[in-house]
Amino acid sequence: MTTASSSAAGPRVPRTPAEWDAVRAAKADVLARDPFTVDPAAVPGVRPEIVRSWRRSLLAGVDPEDTRFPVDEESTPGTRLAAVAQPIMDRLRDQISDLGSWGFLTDRACRLLTTVVGDEPPPGRLLEMHLPPGTCFAEDVIGTNGLGCAHEEQRPFLVSGTEHLRTDSEGLTTTGVVIRDPATRRYVGTLGVHSRREHASAAVLPLVVELGRSIEGQLLASRSDGEREFFEAYSRVSRRSRAAVVGVTSQLCVVSTRARELVHEADEELLRRIAEETGRAGRTLRRRLGSGVAVTITVTPVEQPRGEYAAVLVLEPVDPGRTDLPPQRPPADIGALLARALAAGTPALLTGERGTGKRHTARAALRAAGEPVELECALARLDPEPWLRTLAAALQDRPAPVLLGSLPDLPAALVRPVADLLAGARGPVAGTAAGDPGDVPALLRESFPVVLTVLPLRERRGEVPALCRDLLADLAERDGGPVTLSARAEAALAAGDWPGNVRQLLQVLSTARLRATGPEIGPEDLPAHHRGGPAGRPLGEMERLERQALLAALRETGGDRAAVAQRLGISRATVYRKLKRYQFT
């Protein structure tokens with residue numbers, strides 16, 4: 001197989017002690033050079049793909065004498081891939097029982113999901129040590145190895161003996177085969193077998209390839225009827241449309257190549273909400289995406305089991321001169337504008353993406369007139385009459401500041417009564433609505449003369465430090481545990497893109513408070529991917545430059561990961577890994 005060895009004219013996979021010794025000598029020569037100067041053509045006795053992997057590993061800072069296997073404690077082993085693949089992993093255990101080998105299944109970040117072991121694993125450091133779920137086999141973490149190279153190059157790979165960069169793996173032969181979800185064609189993980197180098201044979205990689213294809217077949221078979229109908233609908237629309245196509249369910253967001261130019265990850269929540277709120281007949285609407293591009297969205301719902309939703313959305317950019325779209329950039333100081341409106345006795349409506357802190361902003365402005373009465377409109381469905389009486393008492397009898405949350409969820413039968421109560425309000429009133437003001441019933445929307453849009457947190461990072469202090473103060477009021485942020489932790493949080501907005505920031509802070517052992521939250525208390533750099537340390541100068549280059553490439557390519565990889569001269573697998581490392585995903 002050409003993926004395991006070179007053609008007859010080139011170097012082949014080493015299989016004898018003399019060949020392994022020759023590769024070790026060549027590797028020692030490579031290690032003595034500047035990695036930037038390493039040229040595979042100048043190492044004729046070693047397969048070019050192996051030399052390229054050595055170079056990438058060295059540039060990533062891998063130490064050939066390292067013996068550690070880093071573990072990502074935040075990885076999730078209980079994935080759909082792991083569950084679907086388990087019967088095939090059990091089959092693999094039987095097939096390697098007399099080979100003294102181990103089988104590994106990793107996720108799309110090359111982190112260990114599950115392991116199977118032959119009956120009699122041979123002696124050897126790797127096979128004797130405990131490798132828990134989350135152990136990382138990525139090439140830029142532990143160097144050249146079958147799983148990491150397959151993950152990096154997205155093709156089957158075999159690494160034999162001294163071809164491994166690290167000395168502690170020179171006694172092994174390792175393999176890796178990428179696994180893709182047949183329905184989405186997305187890379188979901190890697191399957192590999194590790195064994196003693198002298199026990200491996202040319203049949204190992206074809207075996208792993210065949211088992212990988214079996215897992216892909218199981219992934220397709222495990223899809224529910226609703227999921228299969230969704231993917232069929234998405235494929236039909238994608239084939240006949242030249243526009244950007246996005247398919248969404250409560251769990252998935254499938255984006256066509258053309259759609260990557262328009263849709264960023266922060267837009268997924270908006271598209272999911274649009275799909276969820278669309279009736280059986282479908283609809284066409286206009287929205288402005290997080291990139292500022294205004295689009296017309298045609299929504300075609302896909303029938304799903306009760307309680308689920310799915311839709312295929314076709315997005316087409318519209319004339320940027322149109323004036324019937326939500327403004328791209330509202331006034332910067334929303335809190336000050338809201339306070340002015342409320343002080344003048346004018347009810348105000350706050351809109352924006354879910355989790356942007358609309359309630360936090362409204363609550364802060366309303367407190368100038370006293371502690372606000374907060375009413376969630378969705379709860380009015382449970383017991384309408386008491387809910388309406390509470391609102392009437394707050395607006396007219398006391399009066400008190402009132403915050404109405406999620407106005408689009410107000411039952412239709414209560415729209416006019418609430419509008420009448422708002423017309424006679426004697427205290428300040430603020431309302432919130434996720435998304436577009438047009439989602440609020442017209443009669444109710446007219447009760448709010450002022451409409452303000454709260455920007456996503458990624459567009460107002462300068463507010464993150466103050467927002468963290470406010471959120472920590474609110475948390476301290478609940479349990480009496482005041483906690484502050486260290487300067488380094490504050491800087492790490494301010495550098496994030498926060499696709500989940502203020503809601504995500506609150507979750508991170510709540511988790512960090514539990515981890516903190518003293519009155520101050522440090523970088524080490526933050527979740528790993530929010531610490532500002534790999535391994536929980538602040539970004540170094542080179543890492544900051546790398547993050548800036550990655551961000552610039554994302555902006556220039558409209559978020560197209562393949563274009564980013566081409567522009568930066570790295571593989572798509574590396575792009576995805578760096579996106580996770582630097583908090584872009």
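Here are some short exercises, each with a worked solution, on the predicted model shown above.

**Exercise 1. Get an overview of the chain: how many helices and strands are there, and what share of the residues is buried?**

Step 1: Start with secondary structure. The chain holds 20 helices and 17 strands.

Step 2: Turn to burial. Of the 585 residues, 51% are buried.

Step 3: Look at the surface. About 26,600 Å² is exposed, and carbon and sulfur atoms account for 52% of that area.

Step 4: Check how the contacts are spread along the sequence. Taking contacts between residues at least 6 apart, 65% link residues at least 24 apart.

**Exercise 2. Find where the prediction deserves caution: which stretches have a pLDDT below 50?**

Step 1: Begin with the whole chain. The average pLDDT is 82, and 86% of the residues score at least 70.

Step 2: Now pick out the low stretches. Residues 1-8 have a pLDDT below 50, with 18 contacts in the model beyond near neighbours in sequence. Residues 325-331 also fall below 50, and this stretch makes 16 such contacts.

**Exercise 3. Describe how helices α3 and α7 pack: what is the angle, and which residues meet?**

Step 1: Locate the pair. Helix α3 covers residues 80-95 and helix α7 covers residues 204-221.

Step 2: Read the geometry. The axes lie 9 Å apart at an angle of about 145°, and the crossing is right-handed.

Step 3: List the partners. From α3 come Arg80, Leu81, Val84, Ala85, Ile88, Arg91, Leu92 and Gln95. They meet Leu207, Glu210, Leu211, Ser214, Ile215, Gln218 and Leu219 of α7.

Step 4: Sort them by class. The contact has nine nonpolar, three polar and three charged residues.

Step 5: Consider the spacing. An α-helix has 3.6 residues a turn, so residues three or four places apart point the same way. With that in mind, look again at Leu81, Val84, Ala85 and Ile88, which are among the α3 residues in the contact.

**Exercise 4. Examine the backbone at Cys110 and Gln154: what is the sign of phi, and is each residue buried or partly exposed?**

Step 1: Recall the background. Most residues other than glycine have a negative phi.

Step 2: Take Cys110. Its phi is near 65°, a positive value, and the residue sits in the loop between β1 (102-107) and β2 (112-117). With a relative accessible area of 0%, Cys110 is buried.

Step 3: Take Gln154. Its phi is also positive, at about 60°, and its loop runs between α6 (146-153) and β3 (157-160). Gln154 is partly exposed because its relative accessible area is 23%, and the buried class ends under 20%.

**Exercise 5. Work out the surroundings of helix α11: how many of its residues are buried, and against which elements do they pack?**

Step 1: Count. Seven of the nine residues in α11 (358-366) are buried.

Step 2: Name them. They are Lys358, His360, Thr361, Ala362, Arg363, Ala365 and Leu366.

Step 3: Find the neighbours. These residues pack against helices α10 and α15 and strands β11, β12, β13 and β14.

Step 4: Follow a residue in α10. Ala336 belongs to that helix and is partly exposed, at 33% relative accessibility. Its C-alpha atom is 9.7 Å from that of Thr361, which is 25 residues away along the chain.

**Exercise 6. Trace the contacts of Glu277: which residues does it touch beyond its neighbours within four places in sequence?**

Step 1: Place the residue. Glu277 is in helix α9 (268-277) and is partly exposed, with a relative accessible area of 42%.

Step 2: List the contacts. They are Arg283, Arg354 and Asp439.

Step 3: Compare sequence with space. Glu277 and Asp439 are 162 residues apart in sequence, with 9.9 Å between their C-alpha atoms.

Notes. Residues are numbered from 1 along each chain as its sequence is written. This is a predicted model: local features need pLDDT of at least 70, side-chain atom pairs count only at pLDDT 80 or more; totals for chains, interfaces and linings use all residues. Side-chain values use heavy atoms; hydrogens and water are left out. Helices (H or I, at least four residues) and strands (E, at least two) are DSSP runs, numbered from the N terminus. Buried means under 20% relative accessible area, exposed over 50%, partly exposed in between (1.4 Å probe, protein chains only). Contact means heavy atoms within 4.5 Å. Accessible areas come from the Shrake-Rupley method with a 1.4 Å probe; for residues, only the protein chains shown count as cover. pLDDT is the predictor's confidence in each residue, from 0 to 100. Axes are lines fitted to C-alpha atoms, for helices over the stretch in contact, and angles run from 0 to 180 degrees between N-to-C directions. A crossing is left-handed if the near helix is turned anticlockwise from the far one by less than a right angle, and right-handed if clockwise. Ala, Val, Leu, Ile, Met, Phe, Trp, Tyr, Cys and Pro count as nonpolar, Asp, Glu, Lys and Arg as charged, and the others, Gly among them, as polar.
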